[in-house]
Amino acid sequence: RASREKKMATSKGGGPLPLHFGAKTLDKTFEEAEEMGTLLLSGRNLRNLSCSEGYDIFDVTEADLTKNRFTEIPVEICSCTSMERLVCHHNVIRSIPPSFIMLIRLTYLDISRNQLCYLPASVCLASLETLIVSSNRLDTLPSDIGRMANLIELDAGNNDLRLLPPELGRLSKLRCLKLRRNLLNDLPDSLSRLKLVYLDVRANHVKMIPRAFSKMSMLTTFLLEQNPLTQPPPEICSRGLVHVMKYLQRQIEEHSSTRPQRSNSSRRSRTEWRLGRRPRDQARDSPILSPQQRTSYSLSSEIERVEETIAHKHGLDSWRRPGSANSDARQQPPPPQQQEQQPERRVSAASLQQQQDEKGVTATATASLGPQSPPHAAAADLPKTPRSKK
């Protein structure tokens, strides 16, 4: 009888499963999940997991909930902290509970072909390596996606995406990015920082590929079909990835050659804008000068600007540092060395006058004694003349 019921249930057009048969199958499934760590509930038309009461499924590492009628990921699944792989495609999931953040060991998540309108921050787990959210109703990706440091593959195709968050460029380990069948108008330059190997942007509204994409040296597959591309032109895109990258590289070279170079004359300091430009600055920027001469001109002009700033601050008509070429000799104060040497010159003149006076007195005394007097007698009889105190 059991074999006839099973054959009737599994045959084409056999109708729904008998209640006792389905319950027995679920019991056996949960018993195997306790032993093997794998929960297989695909195609059961389940709406919740209340039937799991009485079974210890907290150590389950893999769960297959595909082709059921779940409106959200069951809370019983979110309590399985050892979960590593979760597949929930072909349901009617509209929301994800906040307790989903407890799945700290989850590395693979497939919630495609559901009715999600947004992704909460709880989905952006740092442990995830593969995230598949295709065939939903997403119009944007969360900014928290930049926290998924271990993400390798991201499939967000067949949604309503119009913009990509710039945080997507932080995913340093991302290698595969699928964005087919969306409403994208532009591709952000931040994608060029990724080390992508596979990039799919088919069937979007992209008109231009950024020039920065030429830096993506690891890219081996770049799908661009069904886009109104103008740069690169469609004939270039049809030739393959190599020709697309060469075209983008040529665009960069042409843009750099036509861009005007910024000369030294346009680099003005704050003082230059206030005081204006001078002939000395024009001479400094002359192309016939050597680098040493330009440095000298630059230093001199900077000194002149500082002098005028000081004069303007103190309300003076002009001010020149002592010893400069344009300074007035009459306005120069005497150097410090000359001021120190002047007293020495006055002392030496006084001593010279005293010596001359002494010589004059000695000569007069010698003449009055006469030539017969010996030198020692004349010197002894001379009156002592007091020295001048000058």
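Helices and strands here are DSSP runs, numbered from the N terminus; a helix has at least four residues and a strand at least two. With that in hand, K67 can be placed: K67 lies in the loop between strand 2 (62–64) and helix 3. The model is predicted.

K67 is a good place to start. Its phi is positive, about 60°, although K67 is not a glycine. Most residues other than glycine have a negative phi. K67 has 49% relative accessibility, so it counts as partly exposed; the exposed class begins over 50%.

H90 repeats the theme. H90 also has a positive phi of about 60°, and it is not a glycine. It is found in the loop between strand 3 (85–87) and strand 4 (108–110). Its relative accessibility is 37%, so H90 counts as partly exposed.

Next comes the sheet. Nine strands form it, and the sheet is open. The order is 1-2-3-4-5-6-7-8-9, and the pairing is parallel. Strands of a sheet pair through backbone hydrogen bonds. Strand 1 (38–40) and strand 9 each have a single partner strand, so one side of each is left without a neighbour in the sheet. These two strands stand at the edges. From one strand to the next, the twist averages 5°.

One pair shows the pattern in detail. Strand 6 (residues 153–155) and strand 7 (residues 176–178) pair in the parallel sense. Three bridges join them. Within this pair, L154 stands opposite L177 of strand 7.

Now look at D64. D64 lies in strand 2. Its relative accessible area is 22%, so D64 is partly exposed; buried would mean under 20%. Apart from neighbours within four places in sequence, D64 is in contact with L39, L40, L41, S42 and V87. The side chain of D64 also makes a polar contact with the side chain of T66, at 2.9 Å. C88 is 24 residues from D64 along the chain, yet their C-alpha atoms are separated by 6.5 Å.

What about the nonpolar core? The largest one has 69 residues. L86 and F100 touch the most other members. Two or more residues come from each of helix 2 (19–36), helix 3 (75–78), helix 4 (234–237) and helix 5 (241–258). Helix 5 gives the most to this core, with four residues.

L86 deserves a closer look. Neighbours within four places in sequence are set aside here. L86 is in contact with A63, L65, I73, I77, F100, L106, Y108, L109 and D110. F100, one of these contacts, is the other residue that shares the top place in the core with L86.

Move on to S214. S214 lies in the loop between strand 8 (198–200) and strand 9 (221–223). Is S214 buried or exposed? Its relative accessibility is 17%, so S214 counts as buried. The cut-off for buried is under 20%. The side chain of S214 reaches the backbone oxygen of R211 at 2.9 Å. Not counting residues up to four places away in sequence, S214 touches M245, L248, Q249 and I252.

One last feature sits in the backbone. The peptide bond from Q231 to P232 is cis, with omega near -5°. Most peptide bonds are trans. P232 lies in the loop between strand 9 and helix 4.

Technical notes: Residues numbered from 1 in each chain as written. Predicted model: local features only at pLDDT ≥ 70, side-chain atom pairs only at ≥ 80, totals over all residues. Heavy atoms only, no water. Buried < 20%, exposed > 50% of the residue type's maximum accessible area, 1.4 Å probe, protein only. Polar contact = N/O pair within 3.5 Å; in protein donor to acceptor, adjacent residues only side chain to side chain. Contact = heavy atoms within 4.5 Å. Core = buried A, V, L, I, M, F, W, Y, C linked by side-chain atoms within 4.5 Å. Pairing = 2+ DSSP bridges. Axes fitted to C-alpha atoms, helices over the stretch in contact; angles between N-to-C directions.
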